[in-house]
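Q: Hey, can you walk me through a protein model? I'd like to ask things as they come up.
A: Sure, let's put it on screen and go.

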Amino acid sequence: MSTIDTIRLSPQRTENFAFRASPGDGNILARLWRVYCTLAAKRRSRLELGDLSVDQLKDIGLTEAEARREAARPFWR
């Protein structure tokens with residue numbers, strides 16, 4: 001599992017979005033919104049990871065090379 005996959009939005013933050021729907025409700029806009037939110041969260045996390053200093057990376061157990069490689073990945077992966 002990559003580091004970025006372990007970062008998730010808190011429950012309070014996810015409830016702030018305009019709407020959410022269960023997978024079987026057929027609301028395509030709700031599903032698209034969830035996909036967009038997931039991809040946007042990954043992008044933000046990777047951008048933040050790329051901005052961490054070497055000391056901060058050491059604190060979370062990553063090398064600079066690992067962090068830069070993860071930060072360089074496209075948001076859709």
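Q: Okay, starting with Arg68: does it count as buried, partly exposed or exposed, and what's its relative accessibility?
A: Arg68 counts as partly exposed, because its relative accessibility is 30%. To sit in that class, a residue has to fall between the under 20% of buried and the over 50% of exposed. Keep in mind that this is a predicted model.

Q: Which residue does the side chain of Arg68 meet in a salt bridge?
A: Glu64. The N to O distance in that salt bridge is 3.7 Å.

Q: Where do Arg68 and Glu64 sit, and how many residues apart are they?
A: They're both in helix H4, 4 residues apart, so about one helical turn separates them. Glu64 is partly exposed as well, with a relative accessible area of 41%.

Q: Why would side chains pair up like that anyway?
A: Side chains of opposite charge can pair when their charged atoms come close.

Q: How many salt bridges turn up in the whole structure?
A: A search finds 3. One of them joins Arg46 and Glu70, whose closest N and O atoms are 3.1 Å apart. That pair links distant parts of the chain: Arg46 belongs to helix H2 (residues 28–51) and Glu70 to helix H4 (residues 64–72), with their positions 24 residues apart.

Q: And are Arg46 and Glu70 buried or exposed?
A: Both are buried. For Glu70, the relative accessible area is 9%, and that's under the 20% cut-off, so it counts as buried.

Q: Which other residue does Glu70 meet in a salt bridge?
A: Arg73, with 3.5 Å from N to O. Arg73 is partly exposed, at a relative accessible area of 31%. Put the pairs together and you get a network of salt bridges linking Arg46, Glu70 and Arg73.

Q: Let's zoom out a bit. How many helices and strands does the chain have?
A: There are 4 helices and 0 strands. Reading from the N terminus, the elements go α-α-α-α.

Q: At what angle do H2 and H4 pack?
A: About 145°, and their axes are 8 Å apart. H2 passes H4 in a left-handed crossing. On the H2 side, Arg46, Leu49 and Gly50 make the contact, while H4 brings Ala67, Arg68, Glu70 and Ala71. So you meet Arg46 and Glu70 again here, the pair whose salt bridge we talked about.

Q: What about Arg44, where's its place?
A: Arg44 is in helix H2. It's partly exposed, with a relative accessible area of 36%. Arg44 and Ala71 are 27 residues apart in sequence, and their C-alpha atoms are 9.7 Å apart in space.

Q: New topic: which residues form a nonpolar patch on the surface?
A: Ile28, Leu29 and Leu32 do, and together they have about 320 Å² of accessible area. Ile28 lies in helix H2. With 52% relative accessibility, Ile28 counts as exposed, since the cut-off for that is over 50%.

Q: Last one: how much of the whole chain counts as buried?
A: 21% of its 77 residues. The chain exposes about 5900 Å², and carbon and sulfur atoms supply 55% of that. As for contacts with a separation of 6 or more, 45% of them come from residues 24 or more positions apart.

Technical notes:
Residues numbered from 1 in each chain as written. Predicted model: local features only at pLDDT ≥ 70, side-chain atom pairs only at ≥ 80, totals over all residues. Heavy atoms only, no water. Salt bridge = Lys/Arg side-chain N within 4 Å of Asp/Glu carboxyl O. Helix = DSSP H or I, 4+ residues; strand = E, 2+ residues; numbered from the N terminus. Buried < 20%, exposed > 50% of the residue type's maximum accessible area, 1.4 Å probe, protein only. Patch = residues over 30% accessible without salt bridge, like charges linked within 9 Å, V, L, I, M, F, W, Y side chains within 5 Å. Areas by Shrake-Rupley, 256 points an atom, 1.4 Å probe, with all protein chains shown as cover. Axes fitted to C-alpha atoms, helices over the stretch in contact; angles between N-to-C directions. Left-handed = near helix turned anticlockwise from the far one by under 90°. Contact = heavy atoms within 4.5 Å.
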